[in-house]
Amino acid sequence: MSYLKHKEHFSLKNLTKNTIAFTFLSCQLVMYGCKKEEKTVIPDSAAVSDSIKTAKEEDRIDYKNFNLFNVYSIDHNGYTDSFISVSDIYDEPNPVPEEMIKNQKQLSFDQLKYIELDAQYRKKMLNAIRLTENDFLFIYNYESNKLEKLPINKLKAVAYLSLYASEGEEVDGYSYMLGFKVNSQKSSDASYGLYNNTVAAFGSISPFVENKMKPVQWEKAAPEISKKYFSGSTLEYGKTYQAQYEDLTYYLQNFSKEGQTAERKLIVLNGKKEKIFETSFSNENEGEEFYPLNQVEMEGDEYVSQWTGYLLKGKPVTIFGFLSESFGCPAITFLDRKEPEINIQCDNRH
């Protein structure tokens with residue numbers, strides 16, 4: 001079925017099978033023999049590190065029921081619609097008019113594919129996801145530093161049949177992707193990748209820190225870095241890379257199994273050369289693939305996978321763009337052990 005293009009808002013389109021990509025992070029760094037031993041520091045919640053800052057009081061965001069979303073592009077009757085799906089957090093069994101479901105055999109497939117919700121079903125959706133007509137949709141392109149602020153009361157509440165609904169088969173409420181239409185263009189005029197490298201959120205004020213995200217510029221690290229920080233693995237050692245964001249230094253170690261990259265380990269040092277964070281990324285789950293590393297596995301600036309920087313107000317520096325997900329949604333990682341990852345709601349129905 002070609003009317004739905006599941007375009008996730010990070011870049012690197014067409015580089016891995018069936019995933020349309022992400023893009024991510026910046027910098028360059030130095031660091032050779034430091035005589036003193038680096039300490040592992042567990043950041044304090046009030047002052048995470050020299051580089052991990054908190055937002056001003058007036059910018060504090062309530063993250064209790066917070067969600068990030070991607071932006072779909074959906075082919076619909078010769079138009080390309082940009083659309084935010086909230087189905088990951090809206091599990092109402094009857095999200096569309098029940099008479100349409102009951103009478104679906106009398107309706108054409110085109111009539112079933114797209115529904116504009118009436119006031120009753122719109123209100124039900126807003127209430128369920130804790131929004132009001134006075135709230136906004138914020139769409140932030142961290143590559144171009146462009147922030148869109150769209151009043152919810154100006155957006156159509158809509159439902160699209162998912163990619164997996166086939167003509168002639170019975171559909172129900174779960175067959176639909178529910179959310180808000182952002183805009184619509186003739187397909188011949190639509191710009192592919194219009195919402196690459198974007199994240200979206202709903203609320204009364206923007207949660208996004210502007211102009212603080214950068215693509216990572218990896219470069220080869222000195223040989224002693226691998227021995228110093230990444231010893232003890234039973235996997236085959238690959239190349240070691242480094243990058244920097246403000247006063248944070250990143251080291252990344254590749255590990256292989258049977259000739260293929262199986263794991264990447266990341267450690268982060270603060271300006272005092274203290275280790276403040278470490279994590280690993282592996283492609284052990286079905287459908288997961290590693291994106292190429294900026295600059296060293298993918299030359300030039302056209303395709304960027306890893307990004308880093310301040311993305312959300314009051315939150316630490318984040319990094320993302322290591323793994324392509326076929327059967328799940330991407331996540332952003334905060335460089336703070338006390339901050340859990342945030343998944344980007346992508347309505348992935350594989």
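Biologist: Is Lys275 buried or exposed in this model?
Modeller: The model is predicted, and the values are computed from it. Buried means under 20% relative accessible area. Lys275 has a relative accessible area of 16%, so Lys275 is buried.

Biologist: Which side chain does Lys275 meet in a salt bridge?
Modeller: Side chains of opposite charge can pair when their charged atoms come close. Here the N to O distance is 3.5 Å. A salt bridge needs the two atoms within 4 Å. The partner of Lys275 is Glu278.

Biologist: What is the relative accessible area of Glu278?
Modeller: Partly exposed lies between the cut-offs of 20% and 50%. Glu278 counts as partly exposed, because its relative accessible area is 43%.

Biologist: How many salt bridges are there?
Modeller: One of them joins the side chains of Lys156 and Glu116, at 3.2 Å from N to O. Lys156 lies in strand S8 and Glu116 in strand S5, so this pair ties together parts 40 residues apart in sequence. Lys156 is partly exposed at 41%, and Glu116 is partly exposed at 42%. The count of salt bridges comes to 10.

Biologist: Which residue does Arg349 meet in a salt bridge?
Modeller: Arg349 is partly exposed, with a relative accessible area of 26%. Its partner is buried, at 6%. The N to O distance is 2.7 Å. The partner is Asp347.

Biologist: Where does Asn348 lie?
Modeller: Asn348 counts as buried, because its relative accessibility is 17%. A polar atom of its side chain lies 2.8 Å from the backbone oxygen of Gly328. Strand S22 covers 342-345, and Asn348 lies in the segment after S22.

Biologist: Which cysteine does a disulfide join to Cys346?
Modeller: A disulfide is a covalent bond between the sulfur atoms of two cysteines. The structure holds one disulfide. Its S to S distance is 2.1 Å. The cysteine joined to Cys346 is Cys329.

Biologist: How many residues apart are Cys329 and Cys346?
Modeller: Cys329 sits in the loop between strand S20 and strand S21. Cys346 sits in the segment after S22. The pair links distant parts of the chain, and the separation is 17 residues.

Biologist: What is the handedness of the link between Cys329 and Cys346?
Modeller: The angle about the S-S bond is -90°. That makes the link left-handed.

Biologist: What is the relative accessibility of Cys346?
Modeller: Its partner Cys329 is partly exposed, with a relative accessible area of 22%. Cys346 counts as buried, because its relative accessibility is 1%.

How values were computed
Residues numbered from 1 in each chain as written. Predicted model: local features only at pLDDT ≥ 70, side-chain atom pairs only at ≥ 80, totals over all residues. Heavy atoms only, no water. Helix = DSSP H or I, 4+ residues; strand = E, 2+ residues; numbered from the N terminus. Buried < 20%, exposed > 50% of the residue type's maximum accessible area, 1.4 Å probe, protein only. Polar contact = N/O pair within 3.5 Å; in protein donor to acceptor, adjacent residues only side chain to side chain. Disulfide = S-S within 2.5 Å.
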